[in-house]
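Got the viewer open? Let's walk through this one a selection at a time.

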Amino acid sequence: MSECLLEVKNLTKRFPIKGGLFGREVASVKAVNDVSFKINKGETLGLVGESGCGKTTLGRSLLRLIEPTAGEVIFNGQDITKFNATQMREMRRKIQIIFQDPFASLNPRMTVGGIISEPMEIHNLAVGKDARQKRLYELIDQVQLPKDALNKYPHEFSGGQRQRICIARALAVEPEFIVCDEPVSALDVSVQAQVVNLLMDLQKDLGLTYLFIAHDLKVVEFISDRVAVMYLGNMVEVAKSSEIYGNAKHPYTKALFSAIPTPNPEVVVDRIILEGDIPSPMNPPSGCHFHPRCWKATDKCRQTYPELTHISENHKFKCHNPL
Ligand SMILES: Nc1ncnc2c1ncn2[C@@H]1O[C@H](COP(=O)(O)OP(=O)(O)O)[C@@H](O)[C@H]1O
Ligand SMILES: [Mg+2]
């Protein structure tokens, strides 16, 4: 029986848009809307959806790098949105994040050794010169970088190696949970697989739990146990990755995954081309937000937002007119 590590309940984030002479709130971007889900220990939950649908906002809200407007983030049984600064500092050891651009998140004036040491200093880990050095070698070995990497600077490395440095820095504090925000999207395709494989090996060895945000649906399907699909701030479907491709219930999920090219030319896939642009999250459409682009939309879809339907504990969706 798997144990729940993270439970997110009704998480909402609105970014106020200020304007006018007095800087009053004139509108707001509903970046994440009433999102709920669970992640079990050792599991990878993939998170997909078109650009701007709220994936990064959701991921950062889990660490409170962005303060949620409402909702709960329950980690190991405690709601961390209620934590004060001291409690939150301790919690940051348990929850780490890896960003898309491994260059922007590394200080160019620090050596790799310095970069990976920094979080250990903050959290008082591996104290003393020998212990620190031993731990640095261990980390650099875990992410498969050469030992002499510790004395070099970020610009001396390739994109894939820089992402390994970021992974080592995240691992330095012995986290339980890592938000991976498009960690391979900026890398060459040949390097992507190596970094994804590394993340999967580390997960096995260290018992890590991931929220894996990605653009590339093939990568997500490969690395994830379950996949969650977001549309305009809402989580519209969650299913096992083995089911999300062939057994999607939400038309948006179906459309998203029908765009994946298949390696076998004899398999004919009905491509679904979505019409129209993604609507603005400042002013989302009435009812089901997807209805203006949906080929199955009815009057009900235009009027009321669909409730969550459970097919099983692992497969849920929000649609009035499922496939
Ligand atoms: N700091 C901010 N202020 C205002 N709007 C923001 C801010 N950050 C993100 N947004 C908006 O929130 C929505 C979701 O953005 P984001 O979470 O970055 O999406 P994704 O990662 O899926 O591309 C977008 O419409 C974006 O423009
Ligand atoms: Mg993003």
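Start with β1, residues 4-19, and add β2: the two strands pair antiparallel over twelve bridges. This is a predicted model, so keep that in mind as you click around. To see the register, pick Arg14 and look across to its bridge partner in β2, Lys30. Then try Lys13, which stands opposite Val32 of β2. Now go to the turn of this hairpin, where four residues lie between the strands and Gly20 takes a positive phi near 75°.

Stay on β1, but look for another partner. Select β4, residues 70-75: five bridges join this strand to β1, and the two run antiparallel. Leu6 is a handy marker here, as it stands opposite Phe75 in β4.

Next, show the whole sheet. Four strands make it up, in the order β2-β1-β4-β5, and the sheet is open with antiparallel pairing. Which strands stand at the edges? They are β2 and β5 (78-79); each has a single partner strand, so one side of each is left without a neighbour in the sheet.

On to the ligand. Select ligand 1 and bring up the residues around it: Phe15, Val29, Ala31, Gly49, Ser51, Gly52, Cys53, Gly54, Lys55, Thr56, Thr57 and Pro281. Two elements, β2 (24-40) and α1 (55-62), each give two or more residues to this shell. The largest share, three residues, comes from α1. Colour the shell by class and you get five nonpolar, six polar and one charged residues.

Since α1 has come up, select that helix by itself. Is α1 mostly enclosed or mostly open? Seven of its eight residues are buried, so α1 is largely enclosed by the rest of the structure. The buried ones are Lys55, Thr56, Thr57, Leu58, Gly59, Ser61 and Leu62. Three of these names, Lys55, Thr56 and Thr57, should look familiar from the ligand shell. Step just past the end of α1 and check Arg64, which takes a positive phi of about 60°.

Now for the largest nonpolar core, which has 78 residues. Select Ala168, Ile178, Cys180, Leu211, Phe212 and Val229: these touch the most other members. Then show helix α5, residues 159-171, which supplies the largest share of the core, six residues. For a close-up, centre on Ile178. Leaving aside residues up to four places away in sequence, Ile178 touches Gln96, Ile97, Ile98, Ala170, Leu208 and Tyr210.

Finally, zoom out to the full chain. You should be able to count ten helices and twelve strands. The radius of gyration is 21 Å, close to the 20 Å that the globule rule gives for 323 residues, so the chain is as compact as a globular protein of that length. Along the principal axes, the C-alpha atoms fill a box of roughly 70 × 60 × 45 Å. Colour by burial and 39% of the 323 residues count as buried. As a last view, draw the contacts between residues at least 6 apart in sequence: 63% of them join residues at least 24 apart.

Note on methods: Residues numbered from 1 in each chain as written. Chains lettered and ligands numbered in written order. Predicted model: local features only at pLDDT ≥ 70, side-chain atom pairs only at ≥ 80, totals over all residues. Near = placed C-beta within 6 Å. Nonpolar A, V, L, I, M, F, W, Y, C, P; charged D, E, K, R; others polar. Core = buried A, V, L, I, M, F, W, Y, C linked by C-beta atoms within 7 Å. Buried ≥ 20, exposed ≤ 12 C-beta atoms within 10 Å, placed from the backbone. Contact = placed C-beta atoms within 7 Å. Rg over C-alpha atoms; globule rule 2.2 N^0.38 Å. Pairing = 2+ DSSP bridges.
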